[in-house]
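User: I would like to learn how to read strand pairing, burial and backbone angles in a structural model. Could you take me through one feature at a time, giving the general idea before the case?

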Amino acid sequence: AMAVNPKAIVFDNNLYYVIILQNQSPERREVKIISQTPRHTFISGDLKPGDILVSEGSLLVYTSLN
């Protein structure tokens with residue numbers, strides 16, 4: 001599991017997503033939430049260490065992708 005800032009998680013249509021910056025372009029990826037604490041959300045999905053996640057304004061970026 002990967003620990004991320006809870007602000008990075010976007011909930012839409014009963015699914016959870018994160019926004020990844022791939023070559024300076026935002027891309028959404030579906031994730032599964034394993035557990036949560038007030039400071040971290042533990043997720044699994046198609047993510048690798050070193051992926052750049054958007055945490056501030058993730059919902060705004062997600063909306064612009066739709």
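Analyst: Let us begin with pairing: two strands pair if DSSP finds at least two bridges between them. This is a predicted model, and in it strand S1 (residues 2-4) and S5 are joined by three bridges and run antiparallel. Within that pair, Ala3 has Phe42 of S5 as its bridge partner.

User: Which elements does the protein have, and in what order do they run from the N terminus on?

Analyst: The protein has six strands and one helix, and from the N terminus on the order is β-β-β-β-β-β-α. The radius of gyration is 11 Å, close to the 11 Å that the globule rule gives for 66 residues, so the protein is as compact as a globular protein of that length. Along the principal axes, the C-alpha atoms fill a box of roughly 30 × 25 × 20 Å.

User: How many bridges join S2 to S3, and what is found in the turn of their hairpin?

Analyst: Three bridges join S2 to S3, and the two strands run antiparallel, with Asp12 standing opposite Leu15 in S3. The hairpin has two residues between its strands, and Asn13 in the turn has a positive phi of about 50 degrees.

User: Why is a positive phi worth pointing out?

Analyst: The general idea is that most residues other than glycine have a negative phi. Asn13, a residue other than glycine, has a positive value near 50 degrees; Asn13 lies in the loop between strand S2 (10-12) and strand S3 (15-22). Asn13 counts as exposed because its relative accessible area is 65%, the cut-off for exposed being over 50%.

User: Where else does a residue that is not a glycine have a positive phi?

Analyst: Gln24 is one such case, with a positive phi of about 70 degrees, and Gln24 is found in the loop between S3 and S4. With a relative accessible area of 72%, Gln24 is exposed. In the hairpin of S3 and S4, which has two residues between the strands, Asn23 also takes a positive phi, near 55 degrees.

User: Over how many bridges do S3 and S4 pair, and in which sense?

Analyst: S3 and S4 pair over seven bridges in the antiparallel sense, and the bridge partner of Gln22 in S4 is Ser25. S3 is also joined by two bridges to strand S6 (residues 52-53), again running antiparallel, and there Leu21 has Ile52 as its bridge partner in S6.

User: How is strand S4 joined to S5?

Analyst: Strand S4 (residues 25-36) and S5 run antiparallel and are joined by five bridges, while a hairpin leads from S4 to S5 through four residues. Gln36 stands opposite Thr41 in S5, and Thr41 is a useful residue for the next topic.

User: Is Thr41 buried or exposed, and which residues does Thr41 touch?

Analyst: The general idea is that a residue counts as buried when its relative accessible area is under 20%. Thr41, found in strand S5 (residues 41-45), is therefore buried, since its relative accessibility is 0%. Not counting residues up to four places away in sequence, Thr41 touches Met2, Ala3, Val4, Pro6, Ile9, Ile33, Ser35 and Gln36.

User: Where is Ser58 placed, and is Ser58 buried or exposed?

Analyst: Ser58 is in helix H1 (residues 58-65), and because its relative accessible area is 4%, Ser58 counts as buried. Leaving out residues up to four places away in sequence, Ser58 touches Lys7, Ala8, Val10 and Ile19. For the protein as a whole, 24% of the 66 residues count as buried.

User: Where is Asn66 found, and is Asn66 buried or exposed?

Analyst: Asn66 is found in the segment after H1, and with 58% relative accessibility Asn66 counts as exposed. Apart from neighbours within four places in sequence, Asn66 is in contact with Asp12 and Arg28.

User: How should I read the contacts of the whole chain, and what share of them join residues at least 24 apart?

Analyst: Counting contacts between residues at least 6 apart in sequence, 55% join residues at least 24 apart. Turning to the surface, the accessible area of the protein comes to about 4,500 Å², and 51% of it belongs to carbon and sulfur atoms.

Conventions:
Residues are numbered from 1 along each chain as its sequence is written. This is a predicted model: local features need pLDDT of at least 70, side-chain atom pairs count only at pLDDT 80 or more; totals for chains, interfaces and linings use all residues. Side-chain values use heavy atoms; hydrogens and water are left out. Buried means under 20% relative accessible area, exposed over 50%, partly exposed in between (1.4 Å probe, protein chains only). Contact means heavy atoms within 4.5 Å. The radius of gyration is taken over C-alpha atoms; the globule rule is 2.2 Å times the number of residues to the power 0.38. Accessible areas come from the Shrake-Rupley method with a 1.4 Å probe; for residues, only the protein chains shown count as cover.
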